[in-house]
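The following note was prepared for a colleague who wishes to review the fold at the bench. Its points are numbered and may be read alongside the coordinates.

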Amino acid sequence: MRTLAELGNLKGQLALITGGAGHVGRTVAAGLAELGCDLCLLDLAESKVDEVAVELQTHWGTRVLALHVDLEIEAERCRVPAFVEEHFGRLDIMINNAAFYPREKLEGWVAPLEEQCLEVIRRCIEVNLTAGFHLAQILVGPLRQCRGRIINIGSIYGVLGPDYSLYGDTGMGNPAAYAMSKGGLVQLSRWMATTLAPAVRVNCLCLGGVARNQSEFFVERYVARTPLGRMATEEDFKGAIAFLASDLSAYVTGQVLMVDGGWTAW
């Protein structure tokens, strides 16, 4: 019988992480590198993904490469399999972490229902949902060969409706597109789990709100509604990712793991 350390060992394996330069992406990448995993980080050209790759490789000693990909564009996603085959020759873990998040105020995004823009909804679903399916579709060959794992990063708002009392006049909101795409990702995870079994395991990790300098009004209300009494940090997700990415979860597939401080337990 293997030890827990052996079950969690990812040495010699490869994880592909979309949104690899983001707050969550770089943190879970570091956690997998700590377990010995090589990494392929996907993110936009204007992101800091190249810097993140160098930092992780220097610190952990695993192989880390970055690839600039705009996941909103199908043709760019199609470049990924050749890159993975050429530089790594295998794929064990795929983490669909990237999310559509406008860097500047986008009309029709955070808006009343009547004013939410259909084109923005299409763009959000393309990145948050369709891209994850498409990458699985074009990378399923090496994933099957390696008895791979897919982890889709969902959200509490893919499971529950929004509580608008959290926002007040902060200017924050909860776009329908985000809920639609994350809810779809939850169900896609179940569909993929039974479709790809037993060769590939698929699970969904739903995250609670992460503390990122939100307004005091919002934070106070969010924390009051959370049983553990605080917002999340990126570090809170590392253990769950390590569990789902490794043989620590060898008999787990089709599950939705809520890492939300108890938000969904009410």
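1. In this predicted model, seven strands form an open sheet, and their order is β3-β2-β1-β4-β5-β6-β7. The pairing is parallel. The edges are occupied by β3 (64-68) and β7 (256-259); each has a single partner strand, so one side of each is left without a neighbour in the sheet. From one strand to the next, the twist averages 20 degrees.

2. Within the sheet, strand β1 (residues 14-18) and strand β4 (residues 93-96) run parallel and are joined by three bridges. Leucine 16 has methionine 94 of β4 as its bridge partner. As a general matter, strands of a sheet pair through backbone hydrogen bonds, either parallel or antiparallel.

3. Two helices may be described by the strands they lie across. Helix α2 lies across β1, β2 (38-43), β4 and β6 (201-207), and runs at about 175 degrees to β1. Helix α3 (residues 49-60) lies across β2 and β3, and its direction is at about 175 degrees to β3.

4. The largest nonpolar core comprises 33 residues, and Leu32, Leu39, Leu41 and Leu205 have the most contacts inside it. Helix α2 (residues 23-34) supplies six residues, the largest share of this core. A second, separate core contains 30 residues, including Cys40, Leu42, Val84 and Ala98.

5. Which residues does leucine 32 contact, leaving aside neighbours within four places in sequence? They are Leu10, Ala15, Ile17, Cys37, Leu39, Ile95, Ile241, Ala242 and Ala245.

6. Threonine 27 also belongs to helix α2. Is this threonine 27 buried or exposed? Its relative accessible area is 19%, and because buried means under 20%, threonine 27 counts as buried. Residues up to four places away in sequence aside, threonine 27 touches Glu234, Glu235 and Lys238.

7. Helix α6 (residues 118-145) merits separate inspection. This helix has 28 residues and reaches 39 Å from its first C-alpha to its last, close to the 40 Å expected at 1.5 Å a residue. A kink of about 65 degrees is nevertheless found in α6 at leucine 139, shortly before proline 142. Just after α6, arginine 147 adopts a positive phi of about 50 degrees.

Key
Residues are numbered from 1 along each chain as its sequence is written. This is a predicted model: local features need pLDDT of at least 70, side-chain atom pairs count only at pLDDT 80 or more; totals for chains, interfaces and linings use all residues. Side-chain values use heavy atoms; hydrogens and water are left out. A nonpolar core is a set of buried Ala, Val, Leu, Ile, Met, Phe, Trp, Tyr and Cys residues joined through side-chain atoms within 4.5 Å. Buried means under 20% relative accessible area, exposed over 50%, partly exposed in between (1.4 Å probe, protein chains only). Helices (H or I, at least four residues) and strands (E, at least two) are DSSP runs, numbered from the N terminus. Contact means heavy atoms within 4.5 Å. Two strands pair if DSSP finds at least two bridges between them. Axes are lines fitted to C-alpha atoms, for helices over the stretch in contact, and angles run from 0 to 180 degrees between N-to-C directions. The expected span of a helix is 1.5 Å times one less than its number of residues. The bend at a residue is the angle between axes fitted to the seven residues ending there and the seven starting there.
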